[in-house]
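Colleague: Could you take a close look at one part of this protein for me, the open sheet of seven strands? I would like to know in what order the strands stand and which helices lie across them.

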Amino acid sequence: MKLPGHDAMARHADEHLVTSRVKLPRRIVDRPLRQVSKRLLMALGVLAVTVFIVWIDRAGYHDNSDDSVDFLDSVYYATVTLSTTGYGDIVPYSDGARLINVVLVTPLRVLFLIILVGTTLEVLTERTREEWRLNRWRSNLRDHTVIVGFGTKGRSAMQTLCATGLKKDQIVIVDPSAKVIEAANADGFVGVIGDATRSDVLLRAELQRARQIVIATQRDDTAVLVALTARQLNRGAKIVAAVREEENAPLLRQSGADAVITSASAAGRLLGLSVLSPVAGTVMEDLIQQGSGLDLIERPVIKAEVGRSVRETDDLVVSVLRGHRLLGYDDPAASPLQLTDRLITIVRADPNLEQNNGD
């Protein structure tokens, strides 16, 4: 196996990250500047209302300096009153002015204070809210899918899984880049920042309770280490991994991967097939791209198909999975079909499935 040194992903994580952490998708909120602007306008609105109330009832107020209350005095009184400073140089002396202070000005003062301290309270409660969301997420997460590496391969795997009906809250992304995880959060996925070769990072993704794991790292040596760690943490999960070099595929299978895809060889074969027959290459690409045109799927045998021949099914059967044996459609042992068999079939894609999943 080729081991050209430290993996670039791990090195990037060591340089820019102190500890791994889980990042949940954020709810849609206004930008900080917009939030501050809104609260400032609200505070000015409360101030304007208070000034208006004092100004129309200025005859009920007394100014110790000149015994009269003008507009500037009204603004001054409203300001020191809302800020709870209260110097006492301007005071309401009539019964009506005092009643208005109790009924109107005091609630406005409370509202003004709430607006001012709202940002501080939000900052103080944000961490508690995030901890609560994180604990709730961990307690509800079961049989999910962990995707290690969110580059081109990881994103394509995610799109295929979502096209088959897997919900976004059942996918966890692991990547050492904070920017990549932020992009995953923006798409609605939970992300874990860190080096996936470390068991503590995979544990943060709740890998020990995952049903399937997709390893789509940039380097083969990293994929082997991730597969070893993942298989140690979860003996029953299905692990699918991608490698660049075909010679590294057997080692990855020995490390615990159930299926290994050689990305470079697969792309090369598709290129060669397209050269020989562009139409055949287009059909193969259509089969690989889930959710459009033709799809290659695996499904169980239904009761109506038990005892029938492979050619008597409604779908175009490519292979039959019987136990651990994969039988071709033309294999005499594939027919008749059994209830425990699983069929690999080519079907027409359902565009509504992908649309509903996106909604």
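Modeller: Happily! Of the 359 residues in the protein, 37% are buried. Please keep in mind that this is a predicted model. The chain folds into 12 helices and 13 strands. Among contacts with a separation of 6 or more, 66% join residues 24 or more positions apart. The accessible surface is about 21,100 Å², and carbon and sulfur atoms own 58% of that surface.

Now to your sheet. Reading across it, the seven strands come in the order β1-β6-β5-β4-β7-β8-β9, and their pairing is mixed. The edges are β1, residues 21-23, and β9, residues 259-262; each has a single partner strand, so one side of each is left without a neighbour in the sheet. On average, neighbouring strands here are turned by 20 degrees against each other, direction ignored.

Let us step into the sheet at β4. This strand, residues 145-148, runs parallel to β7, residues 212-215, and four bridges join the two. If you want a pair to find on your screen, look for V146, whose bridge partner in β7 is I213.

Two helices are worth adding to the picture. Helix α5, residues 152-163, lies across β4, β5, β7 and β8, and its direction makes an angle of about 160 degrees with β4. Helix α8, residues 220-233, also lies across strands of this sheet, namely β4, β7 and β8, running at about 170 degrees to β8.

From β8 we can walk on to the edge. Strands β8 and β9 run parallel and are joined by four bridges, with A241 paired to V260 in β9. What do the side chains do along β9? They alternate: V260 and T262 point to one face and are buried, whereas A259 and I261 point to the other face and are not buried. V260 therefore belongs to two parts of the story, as the bridge partner of A241 and as one of the buried side chains of an edge strand.

For contrast, there is another open sheet, with four strands in the order β10-β13-β11-β12 and antiparallel pairing. Its edges are β10, residues 294-300, and β12, residues 325-328; each has a single partner strand, so one side of each lacks a neighbour in the sheet. Neighbouring strands in this sheet are turned by 25 degrees against each other on average, direction ignored. Seven bridges hold the antiparallel pair of β10 and β13, residues 342-348, and within that pair E298 stands opposite I344.

One last stop is on the helices. F52, W55, I56 and F71 form a nonpolar patch on the surface, with about 430 Å² of accessible area together. Helix α2, residues 32-56, gives the largest share of the patch, three residues, while F71 sits in helix α3, residues 71-82. Helix α3 also holds S74. Is S74 buried or exposed? S74 is buried, with a relative accessible area of 0%. Leaving aside residues up to four places away in sequence, S74 touches V51, V54, W55 and V69. Among these, W55 is also a member of the nonpolar patch.

Key: Residues numbered from 1 in each chain as written. Predicted model: local features only at pLDDT ≥ 70, side-chain atom pairs only at ≥ 80, totals over all residues. Heavy atoms only, no water. Pairing = 2+ DSSP bridges. Axes fitted to C-alpha atoms, helices over the stretch in contact; angles between N-to-C directions. Contact = heavy atoms within 4.5 Å. Patch = residues over 30% accessible without salt bridge, like charges linked within 9 Å, V, L, I, M, F, W, Y side chains within 5 Å. Areas by Shrake-Rupley, 256 points an atom, 1.4 Å probe, with all protein chains shown as cover. Salt bridge = Lys/Arg side-chain N within 4 Å of Asp/Glu carboxyl O. Buried < 20%, exposed > 50% of the residue type's maximum accessible area, 1.4 Å probe, protein only.
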